[in-house]
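Reader: I've got a chain on my screen and a few things I'd like to ask about it. Could you walk me through it?

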Amino acid sequence: MATPNIKFIPPQMADPSKYTTRANRQGPLWLLLKDTCILISVLRYLPLLFWPMKSKNGDDEKKTGWASVRDVHVQGLLFIVETIFLVLFVPALVSLPGILFFAVSIAGGLLVQLIAWPTQGPRLVQSNMNPETLRESDNHQDERWVFINGICTCSSGLQENVDRLSLLFGRSVLGIHNQSYGMIGDVIECLLQRCLSYKTMDVRVACEIVKGCLMDPEAKKVVLIGHSQGGIIVSMVLDQLFPELPNESMSKLEIYTFGSAASHFHNPPILPRTDATDSSPVDCIKYIEHYANEYDMVPRWGVLYATRALLTNRYAGAVFVHMGATGHMFIQHYLDHIFPVPGRTDKAHNLPTVKANRFAGNGHVVQNGDSTHNLVQTHNHHVEEAQDVEMASSYLDGIPVVDEQASAKRQDVTLGSLVKPKKNVTAPKSAKAAATTNGDAAPILNGNVHRIGSFVIVKGSPSTQTQKYGGRTVRQISRLWLYLGGKSPPAEK
């Protein structure tokens, strides 16, 4: 099996002087216009959302069965109806009287609701587990695992997603159904969430569920996973909960996204304890990872655009980019390639399943500790143990290329772009001395210095990300894979 080409974008530094969000700089209508233009620019990748079409696994999204056939036909009908509405919207707005246009719009919305209703199901879905997975989950009763699905996912699809996550990680997983109203309706909803911070019912439900998990004294860890639009909902949940909950509660979180459509990810820095040897700030949430396929249209509009083009945008977490890969489906195009089912056999998939009557786990408590890039030193001592889960993933064994260009740009940028920098300014001797003697700073290059208030900002610092991550496999950098087969990451000091 050929080793895949993977690019790695290291996480941003925990420095609030460097990053903010677009909403703090631009108005919502301008953001809506800009996001629409960016979306149009990536529409050429739309045919690749479902490519490759073939799958050898019977439990992927494209499996046959009554529910799958029904969902495909409902999504197709919604696409046709919404396309007609979209084409006729402007002519109707111009030609129809106001009251009549309003009535037609309401009727159209009700029609979409009626068509989508058979595929929506309950808001919360609990994973089914076979007896072996159920036994594994008993060891993790102090953990809470929550999953939020993406666009065009019906209730049966969400059930498949959480069942696969349970099978992979040996935990009970609660699915929050981000209900679908067709591809066009879901994309419009994404725009409203990203640009207007519109809290849909899915966002409000997710906030309550995640908040309850974080406030649960029995929960030592909360793992939140989002796919596609689920990434937007996860980012909105963080925006809502950071001001409401103490850092001790928020630090229980671990975030993992796949094909994220989110335009930002908050993760405010916190100062370490007064007795700590290192006084530099650290991220409140220590583990955030994003996985994306290069030619997946959704992350090209979301995580890949945000981390490469919006340099002063706050997008916390490390990013793994599968170069040359296509497809957006959660199981077939992401999990099957990154985290294939260990020892997959038809017999294993035909095991009887039971419904978990709880949402939790017990056993191996992982304490909060160093940030993601510090944990890789500990990985090396536990790789052999974790590899007891027989994985055939060439993705995990691939050595990613560190995206030095993106990393350097994100590291060097400052909020000085809000003001016009002073050119040809020579830094004061004290500033130069501080920059060259401080272990965290790099020497001044080309005298490229400007001021922001009382701070002297030195541009052009050489990146050291290759030294931190170069030569390591995905298995040595990633944290999520350490949960495979019901295992847990090593306890941190």
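Reader: Let's start with Phe 339: is its side chain buried or exposed, and what is the relative accessible area?

Author: Keep in mind that this is a predicted model, so everything here is computed from predicted coordinates. Anything under 20% relative accessible area counts as buried. Phe 339 falls in that class, so the answer is buried, at 0%.

Reader: Which residue in strand β10 forms an aromatic pair with Phe 339?

Author: The pair is edge-to-face, with 6.0 Å centre to centre and 75° between the planes. It links distant parts of the chain, since Phe 339 lies in the loop between α12 and α13, 48 residues away from its partner in β10 (residues 287–293). Both partners are buried. The residue you want is Tyr 291.

Reader: How many aromatic pairs does the structure hold?

Author: One of them you've just met, Tyr 291 with Phe 339. Ring pairs also build a cluster, whose members include Phe 8, Trp 145, Phe 169, Phe 258, Tyr 291 and Phe 339. For the structure, the count of aromatic pairs is 15.

Reader: What is the angle between the planes of Phe 258 and Phe 339?

Author: Their centres are 6.5 Å apart, and the pair is edge-to-face. Phe 258 sits in strand β7 (residues 253–258), 81 residues from Phe 339 in the chain. Phe 258 counts as buried because its relative accessibility is 1%, under the 20% cut-off. The angle between the planes is 80°.

Reader: Which residues of strand β10 does Thr 257 touch, if I leave aside its neighbours within four places in sequence?

Author: Thr 257 is in strand β7, and it is buried, with a relative accessible area of 0%. Its contacts beyond those neighbours include Gly 226 and Phe 265. Strand β10 spans residues 287–293, and the contacts with numbers in that range are Glu 289, His 290 and Tyr 291.

Reader: Which strands are at the edges of the open sheet?

Author: Nine strands form the sheet, with mixed pairing, in the order β2-β5-β4-β6-β7-β10-β11-β1-β13. An edge strand pairs on one side only. That applies to β2 (124–126) and β13 (401–402).

Reader: What is the bridge partner of Ala 292 in β11?

Author: Strands of a sheet pair through backbone hydrogen bonds, either parallel or antiparallel. Here β10 and β11 (residues 318–322) run parallel, joined by five bridges. In β11, Ala 292 is matched with Val 321.

Reader: How many disulfides does the count come to?

Author: A disulfide needs two cysteine sulfurs within 2.5 Å. The sulfur of Cys 154 is 8.0 Å from the closest cysteine sulfur, in Cys 152, so that is too far for a bond. Cys 154 is buried at 4%, and Cys 195 is buried at 6%. The count is zero.

Reader: Which ring does the charged end of Arg 475 sit over?

Author: There are two such arrangements to look at. The charged end of Arg 194 sits over the ring of Trp 301, 4.0 Å from its centre. For Arg 475, the distance to the ring centre is 4.7 Å, and the ring belongs to Trp 481.

Reader: Where does pLDDT stay under 50?

Author: The chain averages a pLDDT of 80, and 73% of the residues score at least 70. Where pLDDT is low, the predicted coordinates should not be read in detail. One stretch has 131 contacts beyond four places in sequence, and another has 59. Those stretches are, in turn, residues 345–392 and residues 415–462.

Key
Residues numbered from 1 in each chain as written. Heavy atoms only, no water. Buried < 20%, exposed > 50% of the residue type's maximum accessible area, 1.4 Å probe, protein only. Phe/Tyr/Trp six-rings, centres within 6.5 Å; stacked < 30°, edge-to-face > 60°. Helix = DSSP H or I, 4+ residues; strand = E, 2+ residues; numbered from the N terminus. Lys NZ or Arg CZ within 6 Å of the ring centre and 35° of its normal. pLDDT = per-residue confidence, 0-100. Contact = heavy atoms within 4.5 Å. Pairing = 2+ DSSP bridges.
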